[in-house]
Amino acid sequence: MINLILFGPPGSGKGTQAAKLVEQFKLVHISTGDLFRYEMSNNTPLGLEAKAYMAKGALVPDSVTIGMLRNKVETHPDAAGFIFDGFPRTIPQAQALDALLAEKGTEVTGLLALHVDDEEIVQRIKLRGATSGRADDNDENIIRNRINVYKNETSPVFDYYALQGKSQSINGIGEIEEIFERLSAAITQLQ
Ligand code: ADP
C-alpha cells in the first residue's frame, strides 16, 4: 500500500494536484475539507458542527475530524492506497492516522509538502473565491487566519513526519503540470 500525505498551506494546490495524482497512481483521494463541505451542503449534524469553525478559518475539533476520516478510510477496504489532502492538520490527527494505518498493517509512506509563499497564497485563494463560492475564500482576514493556523497548528506535522524520515518539500510555484511532474517524480521514488 502507498499512503501519501499531500501537505502545504491553504491554496497551495493540494486539491488540484491530488485529483491528478489519484488518476496516475490509482489511489483513493480523501480531502477532509471536501468531506466537511459535503456534510454542510446536506445539513447533517456533522456539517452543522463544522460550519462555524470553517467560517472563521479555524480548525474543526480533532475528535470530529478524526472520526470522520476513520469512517471514510473504512469505506475503502480494498484501496491500493490513499492520498490524504488536508489531513492530518494537527499532531493528534497525525498520531490518530498512524494508529489507524497500523491497525490495517500499513503506514504513512511519505509526506509531500507544497511550498508556496504567503502573498502568492492570498492571491490564489482570492482568485479561487471568485468561482468557488466558498465564504472562507472571499475574506482576506479569514484567509490570513487560515495561514496563521497553518503555521501554528499544522506545520509541526511536517516535523513530526520528518523525525520518521518521511517529509519532503516540493516547490509549489510554477505551472500545474510542472508541479505535477515534481510530485510524480517524488512518489515514484517512494514506490
Ligand atoms: P484549504 O486547504 O484551502 O484551507 P480545505 O478544504 O482543506 O481548504 O479546508 C477548509 C476548512 O475545513 C479548514 O479551514 C478547516 O476549517 C476545515 N478542515 C479541513 N480539514 C481539516 C482538518 N484535518 N482538521 C480540522 N479542520 C479541517
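**Notes on the cavities, pockets and a helix pair**

1. Let's start inside the protein. The largest share of the lining of the largest cavity, 3 residues, comes from β1. Please keep in mind as you read that this is a predicted model. Strand β1 covers residues 2-7, and both β1 and helix α7 (140-154) supply at least two residues each to that lining.

2. How much space does the largest cavity hold? Its volume is about 60 Å³. If you would like to find it on the structure, look for Ile-5, Leu-6, Phe-7, Gly-8 and Lys-14, then for Gly-86, Phe-87, Pro-88 and Arg-89, and finally for Tyr-150 and Thr-154, which together line the largest cavity. Sorted by class, this lining has 6 nonpolar, 3 polar and 2 charged residues.

3. How many cavities of 30 Å³ or more are there? The count comes to 2. The second largest cavity has a volume of about 30 Å³, and its lining is made of Leu-4, Ile-5, Leu-6, Leu-21, Ile-83, Leu-112 and Ile-187. Here β1 again appears, giving the most to the lining of the second largest cavity with 3 residues. The classes are easy to remember: there are 7 nonpolar residues in the lining of the second largest cavity, with no polar and no charged ones. It is worth checking the two lists side by side, since Ile-5 and Leu-6 are among the residues of both linings.

4. Now for the pockets. The largest pocket has a volume of about 900 Å³. Its lining counts 43 residues, and those nearest its centre are Pro-10, Gly-11, Lys-14, Arg-128 and Arg-134. You have met Lys-14 already, as one of the residues lining the largest cavity.

5. Which helices help to line the largest pocket? At least two residues each come from α1 (14-25), α2 (32-41), α6 (118-132), α7 and α9 (176-190). Helix α6 gives the most, with 6 residues. By class, the lining of the largest pocket divides into 13 nonpolar, 18 polar and 12 charged residues.

6. The second largest pocket holds about 210 Å³ of space. It is lined by 14 residues, and Pro-9, Leu-114, His-115, Val-116 and Tyr-150 are the closest to its centre. Two or more residues of this lining come from each of β4 (110-115), α6 and α7. The largest share, 3 residues, belongs to β4. The lining of the second largest pocket has 8 nonpolar, 3 polar and 3 charged residues.

7. Finally, have a look at a pair of helices. The axes of α4 (residues 62-74) and α5 (residues 91-103) come within 10 Å and cross at roughly 25°. Why are α4 and α5 called roughly parallel? Angles under 35 degrees count as roughly parallel, and the crossing is at roughly 25°, so α4 and α5 earn that description. The crossing of α4 with α5 is right-handed.

8. Which residues make the contact between α4 and α5? On the α4 side you can pick out Asp-62, Thr-65, Ile-66, Leu-69, Arg-70, Val-73 and Glu-74, while α5 brings Pro-92, Gln-93, Ala-96, Leu-97, Leu-100 and Glu-103. Taken by class, the contact of α4 with α5 has 7 nonpolar, 2 polar and 4 charged residues.

Conventions. Residues are numbered from 1 along each chain as its sequence is written. This is a predicted model: local features need pLDDT of at least 70, side-chain atom pairs count only at pLDDT 80 or more; totals for chains, interfaces and linings use all residues. Side-chain values use heavy atoms; hydrogens and water are left out. On a 1 Å grid over the protein atoms alone, a cavity is a set of points where a 1.4 Å probe fits but cannot get out, and a pocket is an open set with protein on both sides within 12 Å along at least five of seven lines; lining residues have an atom within 4 Å of a point. Grid points are joined across faces, edges and corners, and a volume is the space filled by probe spheres set on the points. Helices (H or I, at least four residues) and strands (E, at least two) are DSSP runs, numbered from the N terminus. Ala, Val, Leu, Ile, Met, Phe, Trp, Tyr, Cys and Pro count as nonpolar, Asp, Glu, Lys and Arg as charged, and the others, Gly among them, as polar. Axes are lines fitted to C-alpha atoms, for helices over the stretch in contact, and angles run from 0 to 180 degrees between N-to-C directions. Angles under 35 degrees count as roughly parallel, over 145 as roughly antiparallel, 65 to 115 as roughly perpendicular and the rest as oblique. A crossing is left-handed if the near helix is turned anticlockwise from the far one by less than a right angle, and right-handed if clockwise. Contact means heavy atoms within 4.5 Å.
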